[in-house]
Amino acid sequence: MNSIFSEENLQVLTTVARCHSFSQAAAELGVTTSAVSYAIKRMETGLEAKLFIRHARRVELTESGHFFQQKALALLEDFRAIKQGVDAVEQGVEARVRICINHLLFTPHHTARLLQRLKKQFPTCQVTITQEVYNGVWDAFIHHQATIAIGAPDAPPQGGGIECLEIGCIRWQFAIAPDHPLARLPQPISESQMRRYTNIMVADTALTLNQRVGWLLHGQEVILVPDFHTKCQCQILGEGIGFLPDYIVSEAGEKLVTRQVDNPRRDSPLLLVTRQPASGQVTQWIQQQFAPEGELSALYQDFLHRANKTDGM
């Protein structure tokens, strides 16, 4: 039995409501006026409600008709979205991607820009964004909580089926409050001098992999914080010391001073990680756009430096 909620019937109803005329709606739809009248009558019978008030030269929606029209418009939009989504999947566009971003590259601004570019390019793809710290990125990827990882620390876990692209590195600066005792010492500052003061450290979010330690001296007291901006604020207040990404130090301005130290922290290479082979168009586009001249490479240039591979986090 044909449903009164078929796409054709809903198109008839919404067109009549917009045109206020059976005959004009018929002309627009390319059918006869009697066909339009029959479809409306059939819907009214099925719903046991009058949808239109018939006047001599025009028709008007009843209250029930207004309600049904709004639902019909929503259903027609669902039909359109379903068709568009099926077509996109047939063309190789993933129905859904889950992207995990290293906290070092995560800000609301940059993440919103990333989503804006993805939705413009692939409007049917459902995108989910999460963030993790250090090996938490690998943890999310390996356990299929993410299909793409942006900024995974280098040296991927052993195992096949993983494709990695180095997208740049984070550069670190030893930064402290201007009135911190270490700020008055000659440079480079020795490890024995730094060891006296608390290290503010961001906690690795890995649950099943070994958690990484960004920088810590033997015997040094530690305060663990959830993110680098909290770490920065602690160091501004003089509550501890440590290395920060150069862009965070730059943002802090005169609230922090940098110092040369013995054994400075090396640059941290970051990777774009996908599953191999990357057959989906969204994944392939992200890979292409992290090339040196790509859109995403430009988006994240605020954080990333191009450099030769070094020992990581």
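Q: How many residues does H5 have, and what span is expected at 1.5 Å a residue?
A: H5, a helix by DSSP (a run of H or I of at least four residues, numbered from the N terminus), has 14 residues and reaches 20 Å from its first C-alpha to its last, close to the 20 Å expected. The expected span is 1.5 Å times one less than the number of residues. A word on the source: this is a predicted model, where local features need pLDDT of at least 70, side-chain atom pairs count only at pLDDT 80 or more, and totals for chains, interfaces and linings use all residues. Residues are numbered from 1 along each chain as its sequence is written, and side-chain values use heavy atoms, leaving out hydrogens and water.

Q: What puts the buried residues of H5 on the same side?
A: His110, Thr111, Leu114 and Leu118 are buried, meaning under 20% relative accessible area with a 1.4 Å probe and protein chains only (exposed is over 50%, partly exposed in between). They cover an arc of only 100° around the axis, so they sit on the same side of H5. The arc is taken from the directions from the helix axis to the C-beta atoms. Pro108 and Lys120, on the other side, are exposed.

Q: Why is Cys164 called partly exposed?
A: Its relative accessibility is 35%, and partly exposed lies between the 20% and 50% cut-offs.

Q: What makes Cys234 buried?
A: Cys234 has a relative accessible area of 18%, and buried means under 20%.

Q: Why is Cys234 too far from Cys232 for a bond?
A: A disulfide needs a pair of cysteine sulfur atoms within 2.5 Å, but the sulfur of Cys234 is 9.3 Å from the closest one, in Cys232. The count comes to zero disulfides.

Notes
Helix = DSSP H or I, 4+ residues; strand = E, 2+ residues; numbered from the N terminus.
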